[in-house]
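Dear colleague,

I am handing over the structure below, and a short account of what was found in it follows. Please read the two together.

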Amino acid sequence: MCTTCGCGEGEVTIGGAGAHQAHAHQHVHGGGTVHSHDHTHAAEHVHGPVQEHAEGNDHVQAASVHAPDPGAKRMVQIEQDILAINNAYAERNRRCLAERGIFALNLVSSPGSGKTTLLCKTIALLAGQAVAVIEGDQQTSRDAERIRATGAPAIQINTGRGCHLDAHMVGHAMEKIGLAEDSLLLIENVGNLVCPAAFDLGEAHKVVILSVTEGEDKPIKYPDMFRAASVMLLNKIDLLPHLDFDVDAAVAFARRVNPQIRVIRVSAASGAGMGEWLDFLYEGLARASAARRETVDGLKRRIAMLEAQLQRPLP
């Protein structure tokens, strides 16, 4: 069991390659199925088979981090170790994204908030903009299939019994999906308002989605998630006339735990508020692209200076 969040041990799959690959060996079986057995040690133990299937639907499986039941002090240390390892992978992801001018968002919510429908609508409205999606669920590739139907590339991560994505999984998915420069990467996390709050994936922002079909007190029931998020999308607002949902209270609760959180009211069904959401995406894309160009231009200037110095006659 994961000492950080309590999620269970199980297979994790990521579009065709193991999420943890410290040392692995493979066996090729009849029919072309490749089984990779991987044992990565992070904090305490990571074990369980990693299976790589020769399928065309982008599907992977890897192992969960878990530990025996130690004392409280030891559990705190293990949790810190696990998060430190995750944060190192997250920083590597972040550098990779920055070097390519990619604007990445980590979309988090409880199950049924409408994340995938919102993503499909967003992709349709972003016609002409390069976008890729990493989908996180415990089982099935249904959401990735829905995204691919829009024409956007998508890769599915199945976490087994795990209740969140981690930076190592996402890093492998990024390698497999092939991200274009100056593009948008949308990471749809496992439906859970608890554990994903603690795990940085290398994203520019966490975006929490709260549906009006949920309670308006979610932000104070799950404060860590709303505190970690930069943006709250208040989704399914087209249903408000049929519900007893206090929008002002929901926004006030969110800002009680995070005064800086930006609230955007949207409906994927009616299109309401989607313009403001797209403006946020385009602003982020522009910043990421400008930062990449600035870095590239800085390197070019540095190289030019060094070349000029080499061409000077020796004293």
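Contact here means heavy atoms within 4.5 Å. This is a predicted model, in which local features need pLDDT of at least 70 and side-chain atom pairs count only at pLDDT 80 or more, while totals for chains, interfaces and linings use all residues. Residues are numbered from 1 along each chain as its sequence is written, and side-chain values use heavy atoms, with hydrogens and water left out.

The protein chain holds eight helices and 14 strands, which are DSSP runs numbered from the N terminus (helices H or I, at least four residues; strands E, at least two). Of its 315 residues, 50% are buried, that is, under 20% relative accessible area, with exposed over 50% and partly exposed in between (1.4 Å probe, protein chains only). Among contacts with a separation of 6 or more, 69% join residues 24 or more positions apart.

The largest nonpolar core (buried Ala, Val, Leu, Ile, Met, Phe, Trp, Tyr and Cys residues joined through side-chain atoms within 4.5 Å) has 30 residues, of which L105, L233, W277 and L281 touch the most other members. Elements giving two or more residues to this core include β8 (103-109), β13 (231-235) and α8 (274-311), and α8 gives the most, with seven residues. Neighbours within four places in sequence aside, W277 is in contact with L105, T122, V207, L233, I264 and V266. Another core, of 20 residues, lies apart from the largest one and has A197, L210, I237 and F245 among its members.

Best regards
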